[in-house]
Amino acid sequence: NSTWADFGLHASLISHFAASSRIPLDFPLAAGTHLTYPLIADLLSGWFRFGGWSLHLAIFVPSVLLIIAFLLLMLGFGIRLFRSIGGTILGLTLSLLCGSAVGIVKAWSDFVSSGQSLSAFLGHLNIDYTALTTPNAQVTNLVADAILPQRAFLMGFSTFAAVMVLFTRLREHPSTKLAIFTGTLIGLLPLVHTYSFLVLGALLAGFWVETYLTRHKIMSIWLVAGVSALIIAVPQILWQSLATAR
């Protein structure tokens with residue numbers, strides 16, 4: 001259900017939203033404190049819970065849909081980037097495996113030396129090959145460590161993938177309207193997933209610097225997208241920051 005370590009937090013937020021006639025801005029786990037946690041994913045589930053869904057479905061259905069959206073958008077980005085389905089599938093696979101791709105080599109070596117059938121070996125794994133600590137492989141796996149246990153990541157990742165598709169379109173066919181739309185989408189991220197907002201902001205800045213160094217022009221579609229993102233994002237960032245300060 002994408003809430004492994006934080007089920008209590010997310011269940012409390014979802015129930016808090018569902019039980020209120022308006023969006024509450026207090027943190028239910030700490031009385032009297034302000035809510036600054038990226039709340040949109042839990043607010044969506046709270047609306048489903050308010051509409052009569054069970055807590056399980058209110059968490060599960062949006063998570064599955066967001067995972068599917070993320071994978072499809074990454075495939076779309078890969079096709080635009082590599083211009084081949086083979087490269088796209090390989091790129092997506094390596095992205096999902098992250099550093100834990102090294103686990104495939106270790107797993108194959110252990111399987112060969114075990115003398116077992118493949119089904120028997122997979123049915124009794126003694127090692128977590130997605131997060132090896134030996135031999136000196138301190139790695140993580142995107143599926144096991146981010147997509148499944150982290151609710152905010154799902155909406156952030158799917159939005160991130162959508163923006164990456166839009167970035168490829170902007171690079172090939174610059175458009176002010178598309179730049180504003182892309183910037184607006186990025187600007188909506190602070191209350192969804194802050195890390196995705198920071199990464200996309202850094203990419204925007206990098207594209208602007210690249211354009212400035214190659215064309216020696218300050219004004220570009222990347223600047224338009226960045227300004228659009230900041231106009232939407234700054235009020236959210238200030239609200240979160242000032243609420244924390246109080």
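**Exercise 1. Is Tyr-212 buried, partly exposed or exposed?**

Before starting, note that this is a predicted model, where local features need pLDDT of at least 70, side-chain atom pairs count only at pLDDT 80 or more, and totals for chains, interfaces and linings use all residues. Residues are numbered from 1 along each chain as its sequence is written, and side-chain values use heavy atoms, with hydrogens and water left out.

*Solution.*
- Step 1: recall the cut-offs: buried means under 20% relative accessible area, exposed over 50%, and partly exposed in between (1.4 Å probe, protein chains only).
- Step 2: Tyr-212 has a relative accessible area of 35%, so Tyr-212 is partly exposed.
- Step 3: find Tyr-212 in the fold: this residue lies in helix H10. Helices are DSSP runs (H or I, at least four residues), numbered from the N terminus.

**Exercise 2. Check the length of helix H9 and list its buried residues.**

*Solution.*
- Step 1: the expected span of a helix is 1.5 Å times one less than its number of residues.
- Step 2: helix H9 (residues 176–187) has 12 residues, so the span should be 16 Å.
- Step 3: the end C-alpha atoms of H9 are 16 Å apart, which agrees.
- Step 4: in H9, the buried residues are Leu-178, Ala-179, Thr-182, Gly-183, Ile-186 and Gly-187.

**Exercise 3. Find salt bridges and say which parts of the chain they join.**

*Solution.*
- Step 1: apply the rule: a salt bridge is a side-chain nitrogen of Lys or Arg within 4 Å of a carboxyl oxygen of Asp or Glu. The count comes to four salt bridges.
- Step 2: one of them joins the side chains of Asp-42 and Arg-151, at 2.8 Å from N to O. Asp-42 lies in helix H2 (residues 40–50) and Arg-151 in helix H8 (residues 151–172), so this pair ties together parts that are 109 residues apart in sequence. Asp-42 is buried, with a relative accessible area of 1%, and Arg-151 is buried too, at 4%.
- Step 3: Arg-83 and Glu-172 also meet in a salt bridge, at 2.6 Å from N to O. Arg-83 sits in the loop between helix H3 (55–82) and helix H4 (85–97), while Glu-172 is in helix H8, 89 residues apart. Arg-83 is exposed at 60% relative accessible area, whereas Glu-172 is partly exposed at 40%.
- Step 4: Glu-210 forms a salt bridge with Arg-171, where the closest N and O atoms are 3.1 Å apart. Because Glu-210 is in helix H10 (residues 194–215) and Arg-171 in helix H8, the pair ties together parts 39 residues apart in sequence.

**Exercise 4. Classify two ring pairs that share Trp-222.**

*Solution.*
- Step 1: a pair of aromatic rings is described by the distance of the centres and the angle of the planes.
- Step 2: rings of Phe, Tyr and Trp (its six-membered ring) pair if their centres lie within 6.5 Å; planes under 30 degrees apart count as stacked, over 60 as edge-to-face and the rest as tilted. The count comes to nine aromatic pairs.
- Step 3: Phe-167 and Trp-222 have ring centres 5.6 Å apart and planes at 75°, so the pair is edge-to-face. Phe-167 lies in helix H8 and Trp-222 in helix H11 (residues 221–245), so parts 55 residues apart in sequence are tied together.
- Step 4: Trp-222 is buried, with a relative accessible area of 6%. Phe-207 and Trp-222 form a tilted pair, with 4.6 Å from centre to centre and 40° between the planes.

Methods
Helices (H or I, at least four residues) and strands (E, at least two) are DSSP runs, numbered from the N terminus.
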